[in-house]
Amino acid sequence: MTQILDRLHQEHKQISKLLDLLDDILAMFHRGREPDYELLSELLQYMEEYSDQIHHPVEEVIRERLRLAGQNQPYLDILTRQHEALNEMTHNFRQAVEGVVNGEVQRRDQVEAYGREMVTTLRHHLNLEETEAFPLARQVLTAADWVAIQEEVARTIDPRLSETDLQRIRTLVQHLTSQVRT
Ligand SMILES: [Fe+2]
Ligand SMILES: [Fe+2]
């Protein structure tokens, strides 16, 4: 009954790859080269929306079930606070990138700082979920808990992206990846 965790784990692997790509883009930016800011902004918008509307809400349903099961480890509260902070950090980075797109004067070190803050915090967050929260959920939640989680997720969250969106994201990632490799 832990297909939901398996799916979140797969999403973490995808997010990790995107973080590697963002690292490469930030390194390129640091060296004074210009990434495709419009594509980067679009990628960040997707990351922001997917996290805010799908990935984090599913994790919060599991967190609530853990709380009902008497689990109140401090790292669970840290993860919840990070969900809010990460949305803001991704938003700040995207706003800075959009500022560049719109020709606003941006300090390069500030744009880079927003990016690094988001990438570092998100990596730490994924790691905390993979090493602490997910093993705890697998260990303490019962089959009945997972049924309740699945029902709550089905009732409140639409977990799918359209094929058009998926194709667009693949294209974005391909373009940005080919740019950092040249
Ligand atoms: Fe999370
Ligand atoms: Fe996560």
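**A helical protein with a two-iron site**

At a relative accessibility of 6%, His56 counts as buried. In this predicted model, His56 belongs to helix H2. Setting aside neighbours within four places in sequence, the contacts of His56 are Ser51, His83 and Asn87. One of these partners, His83, brings us to the metal site, as His83 is among the protein donors of the iron ion (ligand 1). His83 is itself buried, with a relative accessible area of 6%.

The overall fold provides the setting for this site. The protein has 6 helices and 0 strands, and from the N terminus on its elements run α-α-α-α-α-α. The radius of gyration is 18 Å, close to the 16 Å that the globule rule gives for 182 residues, so the protein is as compact as a globular protein of that length. Taken along the principal axes, the C-alpha atoms fill a box of roughly 55 × 35 × 25 Å. Buried residues account for 41% of the 182 residues. Of the contacts between residues at least 6 apart in sequence, 84% join residues at least 24 apart. The protein exposes about 9,900 Å², and carbon and sulfur atoms supply 49% of that area.

Turning to the metals, the iron ion (ligand 1) has as its protein donors Glu59 (OE), His83 (NE2), His125 (NE2) and Glu129 (OE), at 2.0 to 2.1 Å. Along the chain, these donor residues follow the spacing E-x23-H-x41-H-x3-E. The 4 donor atoms subtend angles of 87 to 174° at the iron ion (ligand 1), and the arrangement is therefore irregular. Within this set, His83 in helix H3 (residues 74–101) and His125 in helix H4 form a pair that links distant parts of the chain, 42 residues apart. His125 is buried, with a relative accessible area of 1%.

The iron ion (ligand 2) is held by the protein donors His12 (NE2), His55 (NE2), Glu59 (OE) and Glu129 (OE), which lie 1.9 to 2.2 Å from the ion. The sequence spacing of these donors reads H-x42-H-x3-E-x69-E. Angles among the 4 donor atoms run from 83 to 175°, and the site of the iron ion (ligand 2) is irregular. Here too a pair of donors links distant parts of the chain: His55 lies in helix H2 (residues 37–68) and Glu129 in helix H4 (residues 108–140), 74 residues apart. Both members of that pair are buried, His55 with a relative accessible area of 3% and Glu129 at 2% relative accessibility.

The two sites meet through their ligands. The iron ion (ligand 1) and the iron ion (ligand 2) are 3.1 Å apart, and Glu59 coordinates both. Glu129 also appears among the donors of the iron ion (ligand 1) and among those of the iron ion (ligand 2).

Beyond the metals, charged side chains offer another view of how the helices are connected. Side chains of opposite charge can pair when their charged atoms come close. In this model, the count comes to 15 salt bridges. One of them joins Arg123 and Asp23, whose closest N and O atoms are 2.9 Å apart. This pair links distant parts of the chain, with Arg123 in helix H4 and Asp23 in helix H1 (residues 3–30), 100 residues apart. Arg123 is partly exposed, with a relative accessible area of 32%, and Asp23 is likewise partly exposed, at 24%. A network of salt bridges links Asp20, Asp23 and Arg123.

A further salt bridge forms between Arg65 and Asp145, with the closest N and O atoms 3.0 Å apart. Arg65 lies in helix H2 and Asp145 in helix H5 (residues 143–156), so this pair ties together parts that are 80 residues apart in sequence. The two residues fall into separate accessibility classes: Arg65 counts as partly exposed at 26% relative accessibility, whereas Asp145 is buried, with a relative accessible area of 11%.

A local example is found within helix H5. The side chains of Glu152 and Arg155 meet in a salt bridge (3.1 Å, N to O). Both residues lie in helix H5, 3 residues apart, about one turn of the helix. Glu152 is partly exposed, with a relative accessible area of 30%, while Arg155 counts as exposed at 63% relative accessibility.

Definitions and conventions:
Residues are numbered from 1 along each chain as its sequence is written. Chains are lettered from A and ligands numbered from 1 in the order in which they are written. This is a predicted model: local features need pLDDT of at least 70, side-chain atom pairs count only at pLDDT 80 or more; totals for chains, interfaces and linings use all residues. Side-chain values use heavy atoms; hydrogens and water are left out. Donors are N, O and S atoms within 2.8 Å of the metal (3.2 Å for Na, K and Ca); water is not among the atoms, so sites may look incomplete. Four donors count as tetrahedral if all angles lie between 85 and 135 degrees; four count as square planar and six as octahedral if opposite donors are over 155 degrees apart and all others between 65 and 115; anything else is irregular. Helices (H or I, at least four residues) and strands (E, at least two) are DSSP runs, numbered from the N terminus. Buried means under 20% relative accessible area, exposed over 50%, partly exposed in between (1.4 Å probe, protein chains only). A salt bridge is a side-chain nitrogen of Lys or Arg within 4 Å of a carboxyl oxygen of Asp or Glu. Contact means heavy atoms within 4.5 Å. The radius of gyration is taken over C-alpha atoms; the globule rule is 2.2 Å times the number of residues to the power 0.38. Accessible areas come from the Shrake-Rupley method with a 1.4 Å probe; for residues, only the protein chains shown count as cover.
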